[in-house]
Amino acid sequence: SGSDDATVRLWRVDLGSEASALLGHTQPVTSVGFSPDGEILASGSLDGTVRLWRVSDGGLILELTNESVGVRWVAFSPDGVTLAVALADGTVPLWAAGTGTLLHTLAGHIGSVGRIAFSPDGRLLASAGSDQTIRVWNVEDGALLTSLEGHTGSVISVAFSPDGTRLASGSLDGTVRLWGLTAPQTVAATITPDFEAIARFA
């Protein structure tokens, strides 16, 4: 878990007790995410850094710096090779998780990027922005493939379907939109709950 007190804490689910506290961030921690094999934990903070921690002993592996731009979200690719970071300046750096090498910087949103998600095969990345759009990127070369428009509020959540053919987006406009990626500008369905919408496939 990440906290406003700038700490990251690992918990024993079976006991409900704290296993360790990871210290080093200097501002609130906004996102945490495990690598697919569960051996590495990534934490992102408003201090502009992403830290990669070894889960077994809490040791710091890498620190990635984003020029003091606040981190909103972190996500590992399905194979654990790439780490994507959503930043408050509207960009999404893609880092090599093993070396800390910057691979690409995805730029195009106006305003902050609040959520990101890899497709199940790891070839695509979707980013959700405060500019009311969802952008779909090619991970290999960083190219923008499409921009999905239709929400009337900040997009705060995005998720691929398990087969990778659809994308769900949730917005502060109170709707969830389902997009067919074979014809991206076509909305498959719009769901309107009575609260801020969070998109997630089961």
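## A charged cluster

Glutamate 18 is partly exposed, because its relative accessible area is 38% (buried means under 20%, exposed over 50%, partly exposed in between, with a 1.4 Å probe and protein chains only). The model is predicted: local features need pLDDT of at least 70, side-chain atom pairs count only at pLDDT 80 or more, and totals for chains, interfaces and linings use all residues. Residue numbers start from 1 along each chain as its sequence is written, and side-chain values use heavy atoms, leaving out hydrogens and water.

Which residue forms a salt bridge with glutamate 18? The partner is arginine 9, and the closest N and O atoms are 3.0 Å apart (a salt bridge puts a side-chain nitrogen of Lys or Arg within 4 Å of a carboxyl oxygen of Asp or Glu). Arginine 9 also forms a salt bridge with aspartate 5. There the closest N and O atoms are 3.9 Å apart. Asp5, Arg9 and Glu18 are thus linked in a network of salt bridges. Arginine 9 has a relative accessible area of 24%, so arginine 9 is partly exposed. Aspartate 5 is partly exposed too, because its value is 44%.

## Another charged pair

Side chains of opposite charge can pair when their charged atoms come close. Arginine 12 and aspartate 14 form a salt bridge, with 2.6 Å between the closest N and O atoms. Arginine 12 counts as partly exposed because its relative accessibility is 38%. Aspartate 14 reaches 58%, so aspartate 14 counts as exposed. The structure holds 6 salt bridges.

## Overall build

How many helices and strands does the protein have? There are 0 helices and 18 strands (DSSP runs numbered from the N terminus: helices are H or I, at least four residues; strands are E, at least two). The C-alpha trace spans about 45 × 35 × 30 Å along its principal axes. The radius of gyration is 17 Å, which agrees with the value near 17 Å for a compact globule of 202 residues (taken over C-alpha atoms; the globule rule is 2.2 Å times the number of residues to the power 0.38).

Of the 202 residues, 48% count as buried. The protein exposes about 9500 Å², and carbon and sulfur atoms supply 52% of that area. Take the contacts between residues at least 6 apart in sequence: 33% of them join residues at least 24 apart (contact means heavy atoms within 4.5 Å).

## The nonpolar core

The largest nonpolar core has 14 residues (buried Ala, Val, Leu, Ile, Met, Phe, Trp, Tyr and Cys, joined through side-chain atoms within 4.5 Å). Val50, Leu52, Val74, Leu83 and Val85 have the most contacts inside this core. Four elements give two or more residues to the core: strands S5 (49-54), S6 (60-65), S7 (71-76) and S8 (82-87).

Leucine 83 touches many residues beyond four places away in sequence, including Val50, Leu52, Leu64 and Val74. Pro93, Leu94, Trp95 and Ala97 are also among its contacts.

## Two later strands

Serine 169 lies in strand S16, which covers residues 166-171. Buried or exposed? Serine 169 is buried, because its relative accessible area is 0%. Its side chain makes a polar contact of 2.8 Å with that of histidine 151 (N or O atoms within 3.5 Å, one able to donate a hydrogen and the other to accept it; sequence neighbors count only if both atoms are side-chain atoms).

Phenylalanine 160 belongs to strand S15, residues 155-160. At 9% relative accessibility, phenylalanine 160 counts as buried. Leucine 181 is 21 residues away from phenylalanine 160 in sequence. In space, C-alpha to C-alpha, phenylalanine 160 and leucine 181 are 9.7 Å apart.

Methods: Accessible areas come from the Shrake-Rupley method with a 1.4 Å probe; for residues, only the protein chains shown count as cover.
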